[in-house]
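Reader: I should like to learn how to read the features of a structure one at a time. May we begin with a single residue and then turn to the sheet, the core and the cysteines?

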Amino acid sequence: MNIDSIKNGIVIDHITAGRGMDIYNLLKLDSLDCSVAIIKNVTSVKMGKKDIIKIDADIPINMDILGYIDPGVTVNIIRGGERVEKRSISLPDSLVNVIFCKNPRCITSTEQELPHIFKLTDPENRVYRCAYCEAKASGR
């Protein structure tokens, strides 16, 4: 398989195998008007298997989404065909409008203009709780 290199853009690397589509969907990469390659189950010495996403455009990326979905990913910034920056991603301390409170009694259920804010309360177990009602986020 041959995937062309990119001149200016972003490569999201070291994605846990199978999570590439989650990242693609949450970052809304389907709405871009540029080439986006999702490479699944690539052999990796470090990880066994991994996914990679290549975006052929220099766009802003929500690092909180990446950290929430898969905190071990790396983001490589490519300019002129060369990597100019490599960022390691970790769990974000808070999430705003990335996940949504499912508690029907939460104020976000009635006050729909309020942002959905979740705070990291247990980094070891990756537990996030709603800033308003303390409900535990379901997911990951």
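Reader: Leaving aside its neighbours within four places in sequence, with which residues is Ser-138 in contact?

Author: A preliminary remark is that this is a predicted model. Beyond the four places on either side in sequence, Ser-138 is in contact with Tyr-68 and Lys-102. Ser-138 itself lies in the segment after S8.

Reader: Is Ser-138 buried or exposed?

Author: The relative accessible area decides this, and exposed means over 50%. Ser-138 has a relative accessible area of 54%, so it counts as exposed.

Reader: How far apart are Ser-138 and Arg-87 in sequence and in space?

Author: The two separations are read independently. Ser-138 and Arg-87 are 51 residues apart in sequence, and their C-alpha atoms are 27 Å apart in space.

Reader: Let us turn to the sheet. In what order do its strands lie?

Author: In a regular strand the side chains alternate between the two faces of the sheet. Here five strands form an open sheet with antiparallel pairing, in the order S2-S3-S1-S4-S5. Strands S2 (36-44) and S5 (82-88) stand at the edges; each has a single partner strand, so one side of each lacks a neighbour in the sheet. Direction ignored, neighbouring strands are turned by 20° against each other on average.

Reader: Which strands does S1 pair with, and how many bridges join them?

Author: S1 is joined to S4 (residues 74-79) by five bridges, and the two run antiparallel. Five bridges also join S1 to S3 (residues 48-55), again antiparallel. Ile-10 illustrates both pairings: its bridge partner in S4 is Ile-77, and its bridge partner in S3 is Ile-55. As for covering, S1 (residues 9-16) has seven of its eight residues buried.

Reader: How many bridges pair S2 with S3?

Author: Seven bridges link S2 and S3 in the antiparallel sense. One of the residue pairs to inspect is Ser-44 with its bridge partner in S3, Gly-48.

Reader: Which residues have the most contacts inside the largest nonpolar core?

Author: A core is read as a network of buried nonpolar side chains. The largest one here has 31 residues, and those with the most contacts inside it are Ile-12, Ile-23, Leu-66 and Tyr-128. At least two residues each come from S1, helix H1 (20-26), S3, helix H2 (63-69), S4, strand S7 (117-122) and strand S8 (127-130). H2 gives the most, with four residues.

Reader: What does Ile-23 touch, not counting residues up to four places away in sequence?

Author: Ile-23 touches Ile-12, Ile-15, Ile-53, Leu-66, Ile-69 and Val-73. There is also a second, separate core of five residues, including Ile-6, Val-11, Ile-39 and Ile-78.

Reader: Finally, how many disulfides does the count come to?

Author: A disulfide is a covalent bond between the sulfur atoms of two cysteines. The count comes to zero disulfides. Cys-101 is in none; the nearest cysteine sulfur, that of Cys-133, is 3.6 Å away.

Reader: Why is Cys-130 not bonded to Cys-106?

Author: The cut-off is 2.5 Å between sulfur atoms. The closest cysteine sulfur to that of Cys-130 belongs to Cys-106 and lies 3.7 Å away, which is too far for a bond.

Reader: Are Cys-101 and Cys-130 buried or exposed?

Author: Buried means under 20% relative accessible area. Cys-101, at 11%, is buried, and Cys-130, at 1%, also counts as buried.

Conventions: Residues are numbered from 1 along each chain as its sequence is written. This is a predicted model: local features need pLDDT of at least 70, side-chain atom pairs count only at pLDDT 80 or more; totals for chains, interfaces and linings use all residues. Side-chain values use heavy atoms; hydrogens and water are left out. Buried means under 20% relative accessible area, exposed over 50%, partly exposed in between (1.4 Å probe, protein chains only). Two strands pair if DSSP finds at least two bridges between them. A nonpolar core is a set of buried Ala, Val, Leu, Ile, Met, Phe, Trp, Tyr and Cys residues joined through side-chain atoms within 4.5 Å. Contact means heavy atoms within 4.5 Å. Axes are lines fitted to C-alpha atoms, for helices over the stretch in contact, and angles run from 0 to 180 degrees between N-to-C directions.
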